[in-house]
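Colleague: Got a minute to go through the charged pairs with me? I'd like to see the reasoning as well as the answers.

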Amino acid sequence: MLMKLMGDGDSYRIALMITALGTFFIAFFALKYFMRLLPKDQGRQFAVNGALSEGKPRGAGIVMITAFTLCAALFVPLDAELLIYLILVYAAMLTGFLDDAAEKPWGELKKGILDLIIAVGISANYIYHNGTEITVFGRSFEMPAAVFGILGIILVWASINVTNCSDGVDGLCGSLFCVSLYSFMAVSLSADFNLICVVMLVTAFAYLWFNCSPSRLLMGDAGSRAMGVFLAVCALKTQRPLLFIPFCIVLIIDGGLGLLKLSCRRFLGMKRFMENIRTPVHDHMRKNKGWSDTQVVFRFTIAQIVVSLAALYLFAK
């Protein structure tokens, strides 16, 4: 039915409305009634305000991403490319959920290999269906497939990890994700991919209903890793992958500085690198600057909105 509705402008808007409303209610009630089945958080000993999370349902990403996948199948005309993206997003969710649920957390090597498999799949799927043309500052050119593939893998890996590292304050990761996703949607995308973005965006809204401070449930790695994969796919689908930097800049700074700090200390022997900056940055702002959780969420989200608007005006024409 929706495929028929997407034939002209008015019909497409009707399809968007049906998709948005249907997805929100499916995701909302799935989270509402299945949260009781989720494992309970034990609190994080070393995290700022980590004890406040103790006893809350965690791993809600499995419900959220399952609802997203089912709604995408229900409301979006899926071709082979979109179907593979859905499978890989779901795979990223499962790796996060199984890691969260494991008695002993998975090692970095195991998670790194799984990330690599997912990143290779995303990059190869994109190249096969879209080629390697990109646009930079209004100029389009073809990249060598090998170079594009490697850069695509790096993009997916970075997106997974910065999004995952930013999930530590009620409502923060979900809010930043929604702003970043909507920024990508404001760039020219295909009708079908825009529709699947609507499904993901509205699913995230349903999650934020329960995750706003004080939260009732936590997405865990199951949600943040899948969301990171989806943002990377969006960046690729714009054919302007460098837009990932301004559209996700707060996620990059918040989660990425921690990765940079760890890498420099571990691999370069810089033991005192960024010793006065607590990472993720949201913990620095709470512990060192005295910001409340609500201030962190609002100020980080406002910063991302401002940068996204500037980037849309300057670079996404």
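**Salt bridges in the predicted model**

Modeller: Sure, and keep in mind that this is a predicted model. Let's start with R286, which is buried, with a relative accessible area of 8%.

Colleague: Which residues are linked with R286 in a network of salt bridges?

Modeller: On one side, R286 meets the side chain of D283 at 2.6 Å, N to O. Another salt bridge joins R286 to D293, at 3.0 Å. So R286 takes part in both pairs, each within the 4 Å cut-off, and the residues networked with R286 are D283 and D293.

Colleague: Where do R286 and D283 both lie?

Modeller: They sit three residues apart, about one turn of the helix. That helix covers residues 281–287 and is α12.

Colleague: Is D293 buried or exposed?

Modeller: Buried means under 20% relative accessible area. D293 comes out at 18%, so D293 counts as buried. Its network partner D283 has 9%, so D283 is also buried.

Colleague: How many residues apart are E81 and K237?

Modeller: These two form a salt bridge, with the closest N and O atoms 3.2 Å apart. The pair links distant parts of the chain: E81 belongs to helix α4 (residues 80–101) and K237 to helix α9 (residues 220–237). Along the chain, their separation in residues is 156.

Colleague: And why does K237 count as buried?

Modeller: The cut-off for buried is under 20% relative accessible area. E81 counts as buried because its relative accessibility is 6%. K237 counts as buried too, because its relative accessibility is 17%.

Colleague: Last one: how many salt bridges does the structure hold?

Modeller: We've talked through some of them, including E81 with K237. For the structure, the count is six.

Technical notes:
Residues are numbered from 1 along each chain as its sequence is written. This is a predicted model: local features need pLDDT of at least 70, side-chain atom pairs count only at pLDDT 80 or more; totals for chains, interfaces and linings use all residues. Side-chain values use heavy atoms; hydrogens and water are left out. Helices (H or I, at least four residues) and strands (E, at least two) are DSSP runs, numbered from the N terminus. Buried means under 20% relative accessible area, exposed over 50%, partly exposed in between (1.4 Å probe, protein chains only).
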